[in-house]
Amino acid sequence: MPRLFVDRRPVRWLIGSVVAAMVAVSVTPVAVADVRARGAMDQVAAMQPGWNLGNTLDSTGSDETSWGNPRITEALLDNVKSQGFRSVRLPVTWSAHLASNGTIEAAYLNRVQEVVRWALARNLYVMVNIHHDSWQWINAMPGDRTGVLNRFNAVWTQLSAAFRDFGPKLTLESVNEPQFAGSSGQAQEIQLLNELNASFRDIVRRSGGHNATRLLVLPTLHTSADQPLIDALASQMRGFNDPNLAATVHYYGYWPFSVNIAGGTRFDATAQNDLTGYFDRVHAAFVAKGVPVILGEYGLLGFDRHTGTIEQGEKLKFFEHLGYYARTKKITTMLWDNGQHLGRTSFQWSDPELFAQIRSSWTTRSGTAFTDQVFNAKSSDITAKTITLNLNGTSFSGLWQGNTALVRGRDYTVAGDQLTLTAQALTRLSGSRQYGTNAVLTARFSQGVPWKFNVITYDRPVLSNAGGTTGSFAIPTAFRGDLLATMEAKYDDGTNAGPNDWTSFKEYDRTFAPNYSAGTTAVTAEFFNAVRDNARVTLTFHYWSGTKVTYYVTKSGSTVTGAIA
């Protein structure tokens with residue numbers, strides 16, 4: 001599906017013989033035989049964990065830099081491997097490099113081959129696909145079946161020839177997130193995808209060389225794990241009777257949580273059950289029957305805007321659980337990274353805490369907690385606070401501030417999964433009680449990464465009257481240490497206002513966004529475009545401390561007025 005997350009990719013180069021390919025990518029005949037001997041299940045397991053080189057060769061412009069990422073370098077691949085990744089998914093959008101007869105621009109194909117060689121030379125598994133072509137021209141197949149199929153076949157015929165002599169650590173993926181426009185319904189869409197998958201497999205297998213037995217990856221419709229869609233792919237794969245196939249799906253979380261809408265601020269039981277149900281269905285349909293599964297992309301859709309759309313502790317719990325549960329279901333995971341996670345030239349993680357949680361989940365579980373925030377109102381005396389721990393099979397071993405261990409019994413107590421911070425300790429840790437985070441505590445467990453608690457001093461946020469336009473409206477906000485979780489919007493008659501009016505809770509960052517350094521809360525044009533003229537809207541801001549503050553806005557044409565009463 002197109003999203004900043006989804007917008008991505010380019011590539012290069014060609015080899016003639018098996019021997020030349022082996023030399024170019026430093027693969028010996030013994031190593032090739034080694035990979036082949038693994039079998040599909042073992043090979044996909046050996047690809048764990050994987051990483052997407054997104055928003056680069058999958059870019060829809062004329063060059064791999066057209067979406068703002070730099071050209072791929074060998075140094076980047078060195079660093080990807082050093083982070084513990086064993087495979088790289090290389091999304092490629094071909095449409096801007098196709099002649100009218102379907103011929104791929106030679107320089108572009110050469111670039112893709114060059115990057116593949118670099119990765120293989122580092123003993124990384126590589127997965128190459130057809131990416132945004134899925135929604136740029138392949139989706140027109142219901143109205144132009146012959147034209148689209150011919151073009152699709154032409155592309156894969158050329159790619160099969162270009163990659164036939166590359167070693168078996170290269171895998172090929174039929175098409176990314178297949179989708180169709182103007183179809184008669186899901187049944188036709190499944191049938192069209194079956195045609196594409198079958199044609200892809202037939203072309204690659206008939207091209208010979210390593211392609212005769214190369215691992216090939218087939219997607220479900222929309223790369224979704226809805227039961228009818230995985231059933232359709234499972235049925236088709238059984239008919240192929242081909243032992244060197246893998247299935248692929250994508251997962252971006254329970255949608256309200258994934259984008260922070262409809263009050264989905266927490267990785268709660270509903271969001272967790274969505275994840276486990278998704279992976280359970282995939283495991284039952286494929287893995288349990290001997291067909292390996294690659295989670296070709298995973299993340300949170302709110303990351304399309306920025307990673308702060310989801311509260312830090314809640315996102316950490318999501319990634320901890322996803323990594324653990326995928327591992328138990330023997331699903332290989334490939335992190336979607338459009339450049340916002342691992343710096344393409346700095347080689348630093350933008351959120352080291354997030355990556356530490358992801359990396360740990362590849363091998364073990366980590367303890368977490370209901371929250372990573374401990375709020376103390378400045379206007380009140382500090383009292384003891386009790387937090388539920390999510391032990392996840394670990395045992396609690398201690399609480400620390402930096403390198404200093406807090407004293408059990410005096411600073412905190414633990415009873416089962418209940419951690420209580422004493423009033424005495426919180427008073428000491430809060431110091432002069434300036435607004436914001438006064439101290440950071442770290443809970444350590446018997447395994448996995450530690451869990452942080454931010455000790456925060458706050459008071460009720462104060463909003464002020466404001467004026468502006470539908471394109472530029474910001475509420476002066478003294479946050480006073482508190483943090484915004486979500487916003488509700490209702491008309492005076494109690495009906496929901498703004499976009500997605502099936503819920504009163506609006507989408508974080510798309511319809512509203514706090515700016516803590518500027519002391520404002522923006523309400524966006526997207527919100528006001530879906531609001532009735534001259535109809536007062538009550539906004540209820542929900543803060544992570546539990547505080548709620550109401551505010552009133554009225555749109556008249558392009559003018560907006562905001563008031564505290």
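UniProt positions are given in the numbering used here, feature names are shortened, and annotations may be inferred rather than shown by experiment. This is a predicted model: local features need pLDDT of at least 70, side-chain atom pairs count only at pLDDT 80 or more, and totals for chains, interfaces and linings use all residues. Residues are numbered from 1 along each chain as its sequence is written, and side-chain values use heavy atoms, without hydrogens and water.

**Exercise 1. Place strand β7 among its neighbours.**

Step 1. Locate the strand. β7 spans residues 293-298. Strands (E, at least two residues) and helices (H or I, at least four) are DSSP runs, numbered from the N terminus.

Step 2. Check burial. Six of the six β7 residues are buried (under 20% relative accessible area; exposed is over 50%, partly exposed in between; 1.4 Å probe, protein chains only).

Step 3. Find the partners. Pairing requires at least two DSSP bridges between two strands. β6 (residues 245-251) pairs with β7 in parallel over five bridges. Here Val-293 is the bridge partner of Ala-247. β8 (residues 332-335) is also parallel to β7, through three bridges. Leu-295 faces Thr-333 of β8.

**Exercise 2. Describe the region that UniProt annotates at residues 459-562.**

Step 1. Read the record. The unreviewed UniProt entry lists "domain: Endoglucanase B carbohydrate binding" there.

Step 2. Take the composition. Residues 459-562 are 4% helix and 45% strand. The end C-alpha atoms lie 22 Å apart.

**Exercise 3. Trace the open sheet that contains β18.**

Step 1. Order four strands: β18-β20-β23-β22, paired antiparallel.

Step 2. Mark the edges. β18 (462-463) and β22 (512-515) each pair on one side only.

Step 3. Inspect one pair. Two bridges link β18 to antiparallel β20 (residues 474-478). Leu-463 sits opposite Thr-477 in β20.
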